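Please look through the sequence and the model shown below before reading on. The paragraphs after it are meant to be read with both in view.

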Amino acid sequence: MRLVHLTHKQETTLTRWLGLCCETYNAALQERKDAYRMAGVSIGFSHQCAELPGCREVREDLTEVPSQILQDAVKRVDLAFDGFFRRVDAGEKPGFPRYKSRFRYDSMTFKQYGNSFALEAGPKKN
């Protein structure tokens, strides 16, 4: 694993992207809840991913985040629902998927980056 130190500009950019991923996660969760509540329809990962280009047209700030990173935020919602329904079927306490605060959504997935790496906050420069 390679250790990467970030510049202040890179750290600011990644922090902004993380916030946008959190918003995307919460919006995808809300969309699923609303679709089921209002129309009795379950929507899935592929449907929500197909909507991302339209979302990026409406919210121009989403265009700065690579599409695969936003797709991963939607995939996390899909995995949360998969886990919920698996627990329901197993008779366990299910725990319905919840919204994430900006402080609880603390990672992104860079699928296009082939090797593993870790980011560490370096010493603050004045």
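What follows goes from the overall layout to the helix contacts, then to the core and a few single residues.

This is a predicted model, in which local features need pLDDT of at least 70 and side-chain atom pairs count only at pLDDT 80 or more, while totals for chains, interfaces and linings use all residues. Residues are numbered from 1 along each chain as its sequence is written, and side-chain values use heavy atoms, with hydrogens and water left out.

The chain has three helices and two strands, and along the sequence these follow the pattern β-α-α-α-β. Both kinds of element are DSSP runs numbered from the N terminus, helices being H or I runs of at least four residues and strands being E runs of at least two. Of the 126 residues of the chain, 28% count as buried, where buried means under 20% relative accessible area, exposed over 50% and partly exposed in between, with a 1.4 Å probe and protein chains only. Contacts (heavy atoms within 4.5 Å) often link distant parts of the sequence: among those between residues at least 6 apart, 71% join residues at least 24 apart.

Consider next how the helices pack. Helix 1 (residues 8-39) and helix 3 (residues 67-89) have axes 9 Å apart and pack at an angle of about 45°, the axes being lines fitted to C-alpha atoms, for helices over the stretch in contact, and the angles running from 0 to 180 degrees between N-to-C directions. Helix 1 and helix 3 are therefore oblique to each other, since angles under 35 degrees count as roughly parallel, over 145 as roughly antiparallel, 65 to 115 as roughly perpendicular and the rest as oblique. Their crossing is right-handed, a term used when the near helix is turned clockwise from the far one by less than a right angle, whereas an anticlockwise turn makes a crossing left-handed. On the helix 1 side the contact includes Trp-17, Cys-21, Tyr-25 and Arg-32, and on the helix 3 side it includes Ile-69, Ala-73, Val-77 and Phe-81. By class, this contact of helix 1 with helix 3 has 12 nonpolar, one polar and three charged residues; Ala, Val, Leu, Ile, Met, Phe, Trp, Tyr, Cys and Pro count as nonpolar, Asp, Glu, Lys and Arg as charged, and the others, Gly among them, as polar.

The axes of helix 1 and helix 2 come within 11 Å and cross at roughly 125°, and these two helices are therefore also oblique to each other. Helix 1 passes helix 2 in a right-handed crossing, with Thr-24, Ala-28, Glu-31 and Arg-32 of helix 1 meeting Phe-45, His-47, Gln-48, Glu-51 and Leu-52 of helix 2. The residues of this contact divide into three nonpolar, three polar and three charged.

For helix 2 and helix 3, the axes come within 10 Å and cross at roughly 140°, which makes helix 2 oblique to helix 3. The crossing is right-handed, and the residues that make the contact include Phe-45, Cys-49 and Arg-56 of helix 2 together with Ser-67, Leu-70 and Asp-78 of helix 3. Five nonpolar, three polar and three charged residues take part in the contact of helix 2 with helix 3.

Which residues have the most contacts inside the largest nonpolar core? They are Cys-21, Val-65, Tyr-105 and Met-108, in a core of 21 residues, a nonpolar core being a set of buried Ala, Val, Leu, Ile, Met, Phe, Trp, Tyr and Cys residues joined through side-chain atoms within 4.5 Å. Helix 1, helix 2 (45-58) and helix 3 each supply at least two residues of this core, and its largest share, nine residues, comes from helix 1. Leaving aside residues up to four places away in sequence, Tyr-105 touches Leu-18, Cys-21, Cys-22, Tyr-25, Ala-73, Arg-76 and Lys-100.

Leu-18, one of these partners of Tyr-105, is placed in helix 1 and counts as buried at 12% relative accessibility. With the same limit on sequence neighbours, Leu-18 touches Arg-102, Tyr-105, Asp-106, Ser-107 and Met-108. Leu-18 and Arg-102 are 84 residues apart in sequence and 8.0 Å apart in space, C-alpha to C-alpha.

Ala-27 also lies in helix 1, but at 46% relative accessibility it counts as partly exposed. In helix 3, Gly-83 is buried, with a relative accessible area of 11%.
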